[in-house]
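Subject: Model for you to look at

Hi,

Here is the structure I promised to pass on. Please open it alongside this note, and my reading of it follows below.

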Protein chains: 2
Amino acid sequence: MVQIVDSDAVARVLGVQPSEHHVRTIAGIFAALSDATRLRILLALSREQLCVCDLAAVTGVSASAVSHQLRVLRDRDLVTFERDGKRAIYRLADDHVATLLAQGREHAEEQS
Amino acid sequence: MVQIVDSDAVARVLGVQPSEHHVRTIAGIFAALSDATRLRILLALSREQLCVCDLAAVTGVSASAVSHQLRVLRDRDLVTFERDGKRAIYRLADDHVATLLAQGREHAEEQS
DNA sequence: TGGTCATCTGAACATCTGCTCATACGTTCA
DNA sequence: TGAACGTATGAGCAGATGTTCAGATGACCA
């Protein structure tokens, strides 16, 4: 069974922990950034707005796979798109996403 | 087949995309933050340094499960620990981790 | 209008992930 | 020394995830 050692610290932490729902939301955002394909999509969109087929070329996976992943990113409000005839032009939803990406890159560079 | 539409944009993006290895590293960092249990561990450690059993109490999962997840976090250099007798006291590896967490919380709050 | 193109979607499948359980190891203390 | 404790780890399993494939939709153009 679990024996608590520093019950004061545990109590302090439990007092300020975000709610179950909140934790899941945060985890969901990071999860969206945790796949190599989605990351490449987002890194590309942080430079240029692109249609699905161009994103497929950039990422090196099929347009279908890109479309599936864009759905994940749309659901998390990380990207938006605009229709242009038969094409869909995607871009990052806001600067916040770019900031998160930059932060991730920075941390990754630290560990050689 | 994939038909490129804006070949200039694709070329520009490909020119600045991080390497395969780099992308995987960044994805790995975000992946470490993408699980609710690991997130709770990190959020707790951003307030207090804690031993494994106290982290189990905070997160509400078994000490074994916490230990498994701490291994993931250690491997990604997100936490460090120090032995104190039979206990292992964990803390965040650096301020960068806290920054990433704060950034994630901030973004999560935006989407209501 | 028929054909092609860009995109989207659901099903199927292989892989990955996180938990539990059993077990092992080192530390503490009676 | 032996028992209890805190932690770590491997195997196994259920559920999640990412890709492919097939097919559908809507837009463009001959």
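**DNA strand C**

The backbone of Cys53(A) offers a polar atom that sits 2.7 Å from a phosphate oxygen of DNA strand C; a polar contact here is a pair of N or O atoms within 3.5 Å, and within protein one must be able to donate a hydrogen and the other to accept it, with residues adjacent in sequence counting only if both atoms are side-chain atoms.

Before I go on, a word on the basis: this is a predicted model, in which local features need pLDDT of at least 70 and side-chain atom pairs count only at pLDDT 80 or more, while totals for chains, interfaces and linings use all residues. Residues are numbered from 1 along each chain as its sequence is written, chains are lettered from A and ligands numbered from 1 in the order in which they are written, and side-chain values use heavy atoms, with hydrogens and water left out.

Chain B also reaches the phosphates of DNA strand C. An N or O atom in the side chain of Arg38(B) is 2.8 Å from a phosphate oxygen of that strand, and for the side chain of Gln69(B) the corresponding distance is 2.4 Å. In total, 24 residues surround DNA strand C, and the closest are Cys53(A), His68(A), Tyr90(A), Thr37(B) and Gln69(B); a residue counts as near if one of its heavy atoms lies within 4 Å of the strand. Of the DNA strand C atoms within 4 Å of the protein, 73% belong to sugar or phosphate and the rest to bases.

Which elements supply at least two residues each of the surface near DNA strand C? They are helix H4 (52-59), helix H5 (63-75) and E3 of chain A, along with helix H3 (36-45) and helix H5 (63-75) of chain B. Helices (H or I, at least four residues) and strands (E, at least two) are DSSP runs, numbered from the N terminus. H5(A) gives the largest share, five residues. By class, this surface has six nonpolar, 10 polar and eight charged residues, where Ala, Val, Leu, Ile, Met, Phe, Trp, Tyr, Cys and Pro count as nonpolar, Asp, Glu, Lys and Arg as charged, and the others, Gly among them, as polar.

**DNA strand D**

Around DNA strand D there are 24 residues, of which Thr37(A), Ser64(A), Gln69(A), Cys53(B) and His68(B) come nearest. Sugar and phosphate make up 73% of the DNA strand D atoms that come within 4 Å of the protein. Ser62(A) has a polar side-chain atom 3.1 Å from a phosphate oxygen of DNA strand D. Bases are involved too: a polar side-chain atom of Ser64(B) lies 2.9 Å from a base oxygen of DNA strand D, and an N or O atom in the side chain of His68(B) is 2.8 Å from a base oxygen of that strand. H5(B) gives the most to the surface near DNA strand D, with five residues.

**The sheets**

In chain A, three strands form an open sheet in the order E1-E3-E2, with antiparallel pairing; strands pair if DSSP finds at least two bridges between them. Strand E1 (50-51) and strand E2 (79-84) of chain A are at the edges with a single partner strand each, so one side of each has no neighbour in the sheet. Two bridges join E1(A) to strand E3 (residues 87-92) of chain A, and Cys51(A) has Ile89(A) as its bridge partner in E3(A). Helix H3 (residues 36-45) of chain A lies across E1, E2 and E3 of chain A, at about 85° to E3(A); axes are lines fitted to C-alpha atoms, for helices over the stretch in contact, and angles run from 0 to 180 degrees between N-to-C directions.

Chain B has an open sheet of three strands in the order E1-E3-E2, with antiparallel pairing. Strand E2 (residues 79-84) of chain B pairs with E3(B) over six bridges, and Arg83(B) has Ala88(B) as its bridge partner in E3(B). Two residues lie between the strands of this hairpin, where Gly85(B) takes a positive phi near 65°.

**Between the chains**

The contact (heavy atoms within 4.5 Å) takes 57 residues from chain B and 57 residues from chain A. Phe30(B), His96(B) and His107(B) are the residues of chain B that lose the most area to chain A, together 12% of what that side buries. Buried area is the accessible area (1.4 Å probe) that two parts lose on being put together, summed over both. Between chain B and chain A it is about 5,200 Å², with carbon and sulfur atoms giving 66%.

Best wishes
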